[in-house]
Protein chains: 2
Amino acid sequence: MSIQQSPFARKLGAFVALSGEELSALDRLHGRRKTFPAGRDIVHEGQVNHSAYILASGWVCSYKLLSGGTRQIVDFQIPGDFLGLRSVLFRTADHNIEPVTKVEASEVPAADLLATFGKTPRLATAVLWAASRDEAMVVEHLVGIGRRDAKERTAHFLLELGARLKLVGLATASGYACPLSQYMLADALGLSAVHINRELRELREDGLVTFQHGKVEIHDLDGLVALADFDKTYLDHDGPLLK
Amino acid sequence: MSIQQSPFARKLGAFVALSGEELSALDRLHGRRKTFPAGRDIVHEGQVNHSAYILASGWVCSYKLLSGGTRQIVDFQIPGDFLGLRSVLFRTADHNIEPVTKVEASEVPAADLLATFGKTPRLATAVLWAASRDEAMVVEHLVGIGRRDAKERTAHFLLELGARLKLVGLATASGYACPLSQYMLADALGLSAVHINRELRELREDGLVTFQHGKVEIHDLDGLVALADFDKTYLDHDGPLLK
DNA sequence: CGAGAACTTGAACAGGGTCAAGATGCGTGG
DNA sequence: CCACGCATCTTGACCCTGTTCAAGTTCTCG
């Protein structure tokens, strides 16, 4: 795969028009390629001196555990996403990262990352932009959990995932492969697994979406968008800001 | 006020040891000082070509409005905080910013910010760190709304605010001045104003905190921390990562 | 083919919302 | 300095969304 085609490079390029030199600096950032099995945490809260990763294939989730034993999934990451940036900057990880499926990712050592920022400031700005986009997603989840009811929230979530996957070529307007269990959906949406199940059934019975057999099939996109009050502005790249 | 004493410079300095030159670049970033009255939005969602701001005095809140007319407050900003960074990087604002009180802030034009990053890469890294800290707060709010009940959530919120205010010298271990109404608390915590009122009464009757007359008084810090399962790691600066 | 994981459904319950009515505080103008 | 009016706070009663518990059922994969 050529440098220009890496999904992460493509994403950053959407904000900052990267020069050949910047692209190769970005390429050198990709360290050792590692594989992780599903289910065993890559990084756990409180861990120090870990690396960041650029996700090449598979899905992971970032979550926090509460004292009562419940967990809240903050976000899922899909191919092309950057993992653990925040934890590297803080030195000690503030959340857990668990592979949902088998995962392949390039390690990005903390020292390399910081050194690269010093030498390639536009890359630092691009990463800041990418981090802001992640924050925008977390904000949208917060709004959903705080003020949307279970059905809207579920619909919104499925639409957001679809929009993100489409950007990296893993979804079409009619659906996508989705390895998440209903338990994970529940932990991401702040609901119980039982209730998620009921909401999914309703969405199916309304002819809007199905979430079954590892696939999401969107049967009525407009209806779903209307129900969820979905506005994908916060996910969009509208061309480089920095020329 | 000397450069080194600006709360924003102090905050960035906690992550990156800033040189004299970097500090003066940071200082030049502070543009025109502006004053905003309480209640009228500084930035509204969808707005383009607005500036970012560094908050000098007063409180503001960042919020989103939903189609149903409800709103979700994402965070409050206090003196020393950076406002609207995300919206500047996206060119079009993805949330509203409303002053809670009368506010004084230095304007930071988008172009100046990006130019400074190019010339002073360590400053870009420092701002990335500050943005990550903000994201960590949003994540903590998400976890609270998703998995904590109303009482824990309220307690957690009051503790977080206290910890943040203490960092800029606006709180002591026993309390702080707080201009928020119960309605704003409700919109921040994803609860109804009526229910917030009941929870505040309970916290008061339990001898933990009072939230009255524009003041928060903490009567039993340990009890509150235990109730809220509060771990302030995510707010801490533990010394410069970049020397 | 068997066993555990994931999904499904029902029934009872509770946390928090909504509606309604009053009390309290506070800024403004007279 | 007082009085009026509005915003904020307070409390009660009832209701609804989503939880919990429990008992199957259906996948999936070794």
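These legends describe close-up views of a predicted model.

**View 1. Protein residues around DNA strand C.**
This view shows the 15 residues around DNA strand C. Those that come nearest are A:Gln182, A:Asn197, A:Arg201, B:Ser192 and B:His195. Sugar and phosphate make up 68% of the strand's atoms that come within 4 Å of the protein. Sorted by class, the surface near DNA strand C holds 6 polar, 5 nonpolar and 4 charged residues.

**View 2. Phosphate oxygens of DNA strand C and their polar partners.**
A:Gln182 places a polar side-chain atom 2.7 Å from a phosphate oxygen of DNA strand C. For A:Asn197, a side-chain N or O atom is 2.6 Å from a phosphate oxygen of the strand. B:Ala150 takes part through its backbone: an N or O atom there lies 3.0 Å from a phosphate oxygen of DNA strand C.
Which elements give two or more residues to the surface near the strand? They are α7 (182-189) and α8 (193-205) of chain A, and α8 (193-205) of chain B. The most comes from α8(A), with 4 residues.

**View 3. Helices α6 and α7 of chain A.**
Two packed helices are described by the angle between their axes and the distance between the axes. Here, α6 (residues 150-167) of chain A packs with α7(A) at about 110°, and the axes are 11 Å apart. Angles of 65 to 115 degrees count as roughly perpendicular, so α6(A) is roughly perpendicular to α7(A). From α6(A) come A:Arg153, A:Thr154 and A:Phe157. They meet A:Leu185, A:Ala188 and A:Leu189 in α7(A). By class, this contact of α6(A) with α7(A) has 4 nonpolar, 1 polar and 1 charged residues.

**View 4. Helices α6 and α7 of chain B.**
In chain B, the axes of α6 (residues 150-167) and α7 (residues 182-189) cross at roughly 110°. They come within 11 Å. That angle makes α6(B) roughly perpendicular to α7(B). On the α6(B) side, the contact is made by B:Arg153, B:Thr154 and B:Phe157. On the α7(B) side are B:Leu185, B:Ala188 and B:Leu189. The residues of this contact divide into 4 nonpolar, 1 polar and 1 charged.

**View 5. Residues 14-90 of chain A.**
UniProt lists this span as "domain: Cyclic nucleotide-binding", in an unreviewed entry. Residues 14-90 of chain A are 19% helix and 32% strand. The end C-alpha atoms of the span lie 27 Å apart.

Note on methods: Residues numbered from 1 in each chain as written. Chains lettered and ligands numbered in written order. Predicted model: local features only at pLDDT ≥ 70, side-chain atom pairs only at ≥ 80, totals over all residues. Heavy atoms only, no water. Near = heavy atom within 4 Å. Polar contact = N/O pair within 3.5 Å; in protein donor to acceptor, adjacent residues only side chain to side chain. Nonpolar A, V, L, I, M, F, W, Y, C, P; charged D, E, K, R; others polar. Axes fitted to C-alpha atoms, helices over the stretch in contact; angles between N-to-C directions. Parallel < 35°, antiparallel > 145°, perpendicular 65-115°, else oblique. Contact = heavy atoms within 4.5 Å. UniProt positions renumbered as here; feature names shortened; annotations may be inferred.
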